[in-house]
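Colleague: Could you take a close look at one part of this model for me and walk me through what surrounds it? I'd be glad of one connected account.

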Amino acid sequence: MQLRTATRADIPELIRLRAVALEALGVDPGPAEASWRDIARGWFAERVGGSRPDCTCLVVGGGPGEPLQAAGMAWVTYHLPDPRRPDGRRGYIDGMVTEAGARGQGHAGRIVTGLVDWLNGLGVHFVQLHASSAGASVYRAAGFAAARYPGMDLITAPEPAPRP
């Protein structure tokens, strides 16, 4: 299956794959009519299909009448300048997911390579991501290493309970 840039027609499949990713992470995505899916529809609509030059989404599969097999996104983040990155730009890879039946076929590796190449084409050479234990080997194979600085999170409001 060919690697390609996602289009707006892929948004329903991107949302479905987001639910696949959430399940793999131990998060119940809830029913098909869960409110987060409407929010995700707008989120993807803002970022997929070339409407933002600092964001891209690559997919595998999804030919006419076929579901997507894998997807991943990258975007540029903006930080304070420093001597190594005078413009402060960094790349971030997110939303990596492969359908359970399509795992082990190299789709994720091709997507990561494509996303890094896209970022390099923009002149962004520092790329970050968060890896699940299931995906870590894909990222290591692509040259990623443990971050220099340990990550920390702060959640300042209770997480909403999933809607039935």
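**Helix α1 and its surroundings**

Modeller: Happy to, and a good place to start is a salt bridge between the side chains of R16 and E99, at 2.5 Å from N to O. R16 belongs to helix α1, whereas E99 sits in the loop between β4 and α3, so this pair ties together parts that are 83 residues apart in sequence. Please keep in mind that the model is predicted. A search of the whole structure finds nine salt bridges.

Now to the helix that carries R16. Helix α1 covers residues 11–24 and packs against helix α2, residues 35–47, at an angle of about 125°, with the two axes 10 Å apart. That angle makes α1 oblique to α2. The crossing, as α1 passes α2, is right-handed. On the α1 side, the contact is made by I11, L14, I15, R18, A19 and L22, and these meet W36, R37, A40, R41, F44 and A45 of α2. Sorted by character, the residues of this contact of α1 with α2 comprise nine nonpolar and three charged ones, with no polar residue.

The other partner of α1 is a sheet. This sheet is open and has five strands in the order β1-β2-β3-β4-β5, with mixed pairing. At its edges are β1 (3–5) and β5 (127–129), each of which pairs on one side only. On average, neighbouring strands in this sheet are turned by 25° against each other, ignoring direction. Helix α1 packs on the sheet by touching β2 (55–61), β3 (68–78) and β4, and the direction of α1 makes about 90° with that of β3.

A second helix to place against the strands is α3, residues 107–121: α3 lies across β1, β2, β3, β4 and β5, and runs at about 25° to β3.

Let me finish at the β5 edge. Strand β4 (residues 89–98) and β5 run parallel and are joined by three bridges. One residue pair to look for here is G91 with its bridge partner in β5, V127. Strand β5 also holds L129. Leaving aside residues up to four places away in sequence, L129 touches Y92, I93, Y139 and F144. For a distance to check on screen, the C-alpha atoms of L129 and G95 are 9.8 Å apart in space, while the two residues are 34 apart in sequence.

Conventions. Residues are numbered from 1 along each chain as its sequence is written. This is a predicted model: local features need pLDDT of at least 70, side-chain atom pairs count only at pLDDT 80 or more; totals for chains, interfaces and linings use all residues. Side-chain values use heavy atoms; hydrogens and water are left out. Axes are lines fitted to C-alpha atoms, for helices over the stretch in contact, and angles run from 0 to 180 degrees between N-to-C directions. Helices (H or I, at least four residues) and strands (E, at least two) are DSSP runs, numbered from the N terminus. Angles under 35 degrees count as roughly parallel, over 145 as roughly antiparallel, 65 to 115 as roughly perpendicular and the rest as oblique. A crossing is left-handed if the near helix is turned anticlockwise from the far one by less than a right angle, and right-handed if clockwise. Contact means heavy atoms within 4.5 Å. Ala, Val, Leu, Ile, Met, Phe, Trp, Tyr, Cys and Pro count as nonpolar, Asp, Glu, Lys and Arg as charged, and the others, Gly among them, as polar. Two strands pair if DSSP finds at least two bridges between them. A salt bridge is a side-chain nitrogen of Lys or Arg within 4 Å of a carboxyl oxygen of Asp or Glu.
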